[in-house]
Amino acid sequence: MKTFKRFISTVLLLALSLPLFSQVIIDEDITLHQKFKVGDSYYSSSYRGLKMLMSELQATDTEVYNQLLPIFTTLQQKEKTARTVLITSGAVSGTMIVGALTFWRKERVDESIFDPSSPLYSPPTVTKEPNTALLFTSAGVLAAGAIVYYIISPGESDYYNFVNKFNQVSPNKKMEWKVGLAANHNLIGLNFALAF
């Protein structure tokens, strides 16, 4: 029974955390790809992609860089705060899991149903079990951290603002946000792009 409870706890913990680590997949054979395009260069449509673009602008076009710096700093602060929340919730959750399996385990006392004077009587036995309540709480902490990360981290509107600001201040190059569907087969290809 103890092993079954541990198995169920582990399965539930994995099931609750699985959506947190999955990627965006539209169908089992088609994956959504997004990227920023500036001139002939492509960047990932994420904070890292914009960070790479900004480092290149700092070296090649300081005027555009300086005009984009305030909006990029806001994106950077959001990303750092969101990552801090996610890392902290992961550390707290990990500590809770380790504790639930080691030093914060619950003690269960099994007492004999027979009278102490009976020959079938056995003394009470104490067994330690993983603290399942703490395991579920740790999954909740991790899920809450992921939700807060999603809420705080830069979203589409932040990236739209960056793209629009870039297009306002850059006289030579324009930035486009490309969205495409790519089939995962060698013989089939499906792509489309939206330019903003």
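Which residues make the nonpolar surface patch of about 430 Å²? Select I113, F114, L120 and Y121; these residues form the patch. Keep in mind through the tour that this is a predicted model.

**Stop 1: the patch**

Stay on F114. F114 sits in the loop between β4 (106-110) and β5 (125-129). With a relative accessible area of 36%, F114 is partly exposed, because the partly exposed class runs between 20% and 50%.

**Stop 2: aromatic pairs**

Next, clear the selection and show aromatic rings. A pair of aromatic rings is described by the distance of the centres and the angle of the planes. Searching the whole structure gives 2 aromatic pairs.

Select F36 and Y159 for one of them. The ring centres of F36 and Y159 are 6.0 Å apart and the planes are at 55°, so this pair is tilted. F36 belongs to strand β2 (residues 30-38) and Y159 to helix α5 (residues 156-169), so the pair ties together parts that are 123 residues apart in sequence. Turn on a surface to check their cover: F36 is buried at 0% relative accessibility, and Y159 is buried as well, at 8%.

Now select Y47 and F72. These two rings form a stacked aromatic pair, 5.8 Å centre to centre with 10° between the planes. Y47 is in helix α2 (residues 47-60) and F72 in helix α3 (residues 62-101); they are 25 residues apart, and the pair links distant parts of the chain. Y47 counts as buried at 8% relative accessibility, and F72 counts as buried at 6%.

**Stop 3: helix α2**

Y47 leads on to the helix that holds it. Select residues 47-60, which make up helix α2. Helix α2 has 14 residues and spans 20 Å from its first C-alpha to its last, close to the 20 Å expected at 1.5 Å a residue.

Which residues of α2 are buried? Colour Y47, G49, L50, L53, M54 and L57: these are buried. They cover an arc of only 155° around the axis, which puts them on the same side of α2. An α-helix has 3.6 residues a turn, so residues three or four places apart point the same way. Then rotate the view to the other side of α2, where R48 and A59 are exposed.

**Stop 4: salt bridges**

Finally, show the charged side chains. Side chains of opposite charge can pair when their charged atoms come close. The whole structure contains 2 salt bridges by this search.

Select D158 and K78. Their side chains meet in a salt bridge at 2.9 Å, N to O. D158 lies in helix α5 and K78 in helix α3, so this pair ties together parts that are 80 residues apart in sequence. Is each partner buried or partly exposed? D158 counts as buried, at 14% relative accessibility, whereas K78 counts as partly exposed, at 28%.

Move along helix α3 to E79 and R83. E79 forms a salt bridge with R83, and the closest N and O atoms are 2.8 Å apart. Both residues lie in helix α3, 4 residues apart, about one turn of the helix. E79 is buried at 6% relative accessibility, while R83 is partly exposed at 34%.

Notes
Residues are numbered from 1 along each chain as its sequence is written. This is a predicted model: local features need pLDDT of at least 70, side-chain atom pairs count only at pLDDT 80 or more; totals for chains, interfaces and linings use all residues. Side-chain values use heavy atoms; hydrogens and water are left out. Patches are made of residues with over 30% relative accessible area and no salt bridge: like charges are joined within 9 Å, nonpolar side chains (Val, Leu, Ile, Met, Phe, Trp, Tyr) within 5 Å. Accessible areas come from the Shrake-Rupley method with a 1.4 Å probe; for residues, only the protein chains shown count as cover. A salt bridge is a side-chain nitrogen of Lys or Arg within 4 Å of a carboxyl oxygen of Asp or Glu. Helices (H or I, at least four residues) and strands (E, at least two) are DSSP runs, numbered from the N terminus. Buried means under 20% relative accessible area, exposed over 50%, partly exposed in between (1.4 Å probe, protein chains only). Rings of Phe, Tyr and Trp (its six-membered ring) pair if their centres lie within 6.5 Å; planes under 30 degrees apart count as stacked, over 60 as edge-to-face and the rest as tilted. The expected span of a helix is 1.5 Å times one less than its number of residues. The arc is that of the directions from the helix axis to the C-beta atoms.
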